[in-house]
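This report describes how the parts of one complex touch each other. The sequence and structure come next, followed by notes on each contact surface.

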There are 2 protein chains.
Amino acid sequence: MTDNEEALVLLIEDEAQIRRFLRAALGAHGYRLVESTTGEDGLVQAATRLPDLVIVDLGLPDLDGVDVIRKLREWASVPIIVLSARGQERDKITALDAGADDYVSKPFGVGELLARMRVALRHASSAKEPDQPTFTVGDLKVDLAHRKVFTGDKEVHLTPIEFKLLTTLVRYAGKVLTHRQLLKEVWGPPYADQAHYLRVYMAQLRRKLEADPARPRYFLTEPGVGYRLASE
Amino acid sequence: MTDNEEALVLLIEDEAQIRRFLRAALGAHGYRLVESTTGEDGLVQAATRLPDLVIVDLGLPDLDGVDVIRKLREWASVPIIVLSARGQERDKITALDAGADDYVSKPFGVGELLARMRVALRHASSAKEPDQPTFTVGDLKVDLAHRKVFTGDKEVHLTPIEFKLLTTLVRYAGKVLTHRQLLKEVWGPPYADQAHYLRVYMAQLRRKLEADPARPRYFLTEPGVGYRLASE
DNA sequence: CTGATGTGTCAAAAAAACGTAAAGAGGGTG
DNA sequence: CACCCTCTTTACGTTTTTTTGACACATCAG
């Protein structure tokens with residue numbers, strides 16, 4: 001549905017054949033993939049790469065797959081899909097109760113696996129909400145998620161270009177951005193030399209967001225170089 | 001295993017035999033059960049009883065099970081487990097993408113089903129559940145479950161597209177949705193560039209729901225970007 | 001002092017985006 | 001078949017945004 005693509009998937013699987021198979025299938029659907037062939041390594045990879053989804057085989061050479069799940073669940077809430085040759089009900093129940101989110105028996109269809117992955121990722125994305133990307137300096141507040149800008153407690157309306165310029169500055173807050181960098185970023189590469197646009201829109205932003213536009217507190221000019229957004 | 005028990009389960013299943021079977025199995029594990037034998041009734045039960053989990057058979061006499069899922073997903077985030085005699089991969093993918101959380105093929109083991117139910121309930125409880133099936137801003141009220149819309153206390157009739165557009169906005173209330181997002185969500189991906197439709201239907205919604213359509217309080221335009229439904 | 005350059009401001013012109021009404025096209029239902 | 005409801009499409013006036021040009025000012029070098 002949404003473009004949850006390019007999610008990072010950790011595959012813990014010892015059979016080379018299945019790895020190759022999934023590498024192709026997942027790659028074709030835009031997922032990024034990390035592979036492990038052992039449970040131990042899988043746990044390390046999970047901790048270091050922080051994948052969005054883990055697919056784990058139950059029949060690993062070193063650890064039992066269920067132990068991998070338990071160890072993972074000690075700290076991670078990442079969705080886990082079990083892949084297994086064992087179709088025994090007992091195994092399924094154990095794995096699911098250990099913390100797995102789904103269980104797919106081999107041989108499986110790629111389509112089904114992908115669909116179940118989408119379900120798992122759907123859960124993950126709806127679960128983690130408390131991420132409120134909002135930037136603040138002084139009494140200037142930028143709420144990226146809601147696309148809202150405030151000075152003090154008054155909301156200020158920005159046009160698309162104004163907003164894009166502002167967010168670019170926010171992204172590199174504290175650092176100087178050259179005219180060319182800003183123009184390429186906001187208007188696109190062909191406009192890299194239209195320094196005039198920048199002055200007009202910078203003035204616009206100051207007029208809307210600075211208490212005293214003539215004496216900017218936030219939108220600072222670096223003469224001959226570019227602009228900088230003050231940070232704390 | 002865990003005491004996720006006394007959860008309320010809605011079973012939508014026409015085969016009496018399976019109903020009897022599950023009634024016993026779930027009862028023995030402490031679940032409370034509501035039964036429906038048709039899709040229509042199932043939807044009504046879901047709206048009135050607000051179950052913690054829905055188990056739905058794909059082969060219902062009236063509606064297609066997948067349609068039941070879609071209708072349910074228009075307003076509810078309750079976990080849905082599909083039970084089906086059809087083991088075709090195509091069916092699984094369709095059901096999962098329609099919003100189901102799991103798919104169990106008949107014949108199935110009770111143990112496995114119970115384990116998958118525990119997984120589903122685990123998800124539901126971890127995901128914060130401020131899931132009131134009714135949304136309110138000012139004197140605009142949207143009852144997702146009953147598919148009804150009110151301004152003040154007068155009910156307003158909406159066409160299917162109008163309603164879907166409204167619910168999409170409701171789902172992301174406060175956030176700006178781009179034209180493309182709305183079009184893909186409401187009309188489907190192929191319509192992502194028909195920004196036209198949006199204006200027509202937005203005007204429609206405002207005419208029906210705003211006190212002064214020319215001065216919208218709820219349906220706000222972000223010129224060059226998209227639309228936003230005011231929140232609080 | 002003077003002219004060149006980089007910068008800030010303003011406002012008109014041009015372009016793009018938006019709102020609205022209304023006509024045409026299906027698609028069901030009685 | 002005729003009717004009603006909804007969706008699609010077109011047309012046109014209005015609003016908002018972007019672009020453009022003109023000008024003032026400051027700084028700095030010659």
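## Interface of chain B and chain A

Asp97(B) and Arg118(A) form a salt bridge in which the closest N and O atoms are 2.8 Å apart. The model is predicted. Helix 4 (89-98), strand 5 (102-105), helix 5 (110-126) and helix 7 (179-186) of chain B each give at least two residues to the side of chain B that touches chain A. Helix 5 of chain B has the largest share of that side, with nine residues. By residue class, the side of chain B that touches chain A divides into 11 nonpolar, six polar and 15 charged.

Seven salt bridges are found across the interface of chain B and chain A, and 21 residue pairs are in polar contact between these chains, both residues being at pLDDT 80 or more. Chain B brings 32 residues to the contact and chain A brings 30 residues. The size of an interface is often stated as the accessible area lost when the parts come together. For chain B and chain A the buried area is about 2,700 Å², with 47% of it from carbon and sulfur atoms.

## Surface near DNA strand C

DNA strand C is surrounded by 20 residues, the closest being Thr221(A), Gly224(A), Tyr227(A), Arg206(B) and Tyr227(B). Of the atoms of DNA strand C that come within 4 Å of the protein, 64% belong to sugar and phosphate. The residues of this surface are eight nonpolar, seven polar and five charged. Elements that each supply at least two of them are helix 8 (195-209) of chain A, and helix 8 (195-209) and strand 11 (219-222) of chain B.

Phosphate oxygens of DNA strand C take part in several short distances. An N or O atom in the side chain of Arg206(B) is 2.3 Å from one, and a polar side-chain atom of Thr221(A) is 2.6 Å from one. For Gly224(B), a backbone N or O atom lies 2.7 Å from a phosphate oxygen of the strand.

## Surface near DNA strand D

Around DNA strand D there are 19 residues, of which Thr159(A), Tyr197(A), His157(B), Thr159(B) and Tyr197(B) come nearest. Sugar or phosphate makes up 72% of the atoms of DNA strand D within 4 Å of the protein, and bases make up the rest. This surface has 13 nonpolar, six polar and no charged residues.

The side chain of Thr159(A) places an N or O atom 2.6 Å from a phosphate oxygen of DNA strand D. For Trp187(B), a polar side-chain atom is 3.0 Å from a phosphate oxygen. Tyr201(B) has a side-chain N or O atom 3.3 Å from a sugar or linking oxygen of DNA strand D. Helix 6 (160-171) and helix 8 of chain A, with helix 6 (160-171) and helix 8 of chain B, give two or more residues to the surface near DNA strand D.

Technical notes
Residues numbered from 1 in each chain as written. Chains lettered and ligands numbered in written order. Predicted model: local features only at pLDDT ≥ 70, side-chain atom pairs only at ≥ 80, totals over all residues. Heavy atoms only, no water. Near = heavy atom within 4 Å. Polar contact = N/O pair within 3.5 Å; in protein donor to acceptor, adjacent residues only side chain to side chain. Helix = DSSP H or I, 4+ residues; strand = E, 2+ residues; numbered from the N terminus. Nonpolar A, V, L, I, M, F, W, Y, C, P; charged D, E, K, R; others polar. Contact = heavy atoms within 4.5 Å. Buried area = accessible area lost by both parts, 1.4 Å probe. Salt bridge = Lys/Arg side-chain N within 4 Å of Asp/Glu carboxyl O.
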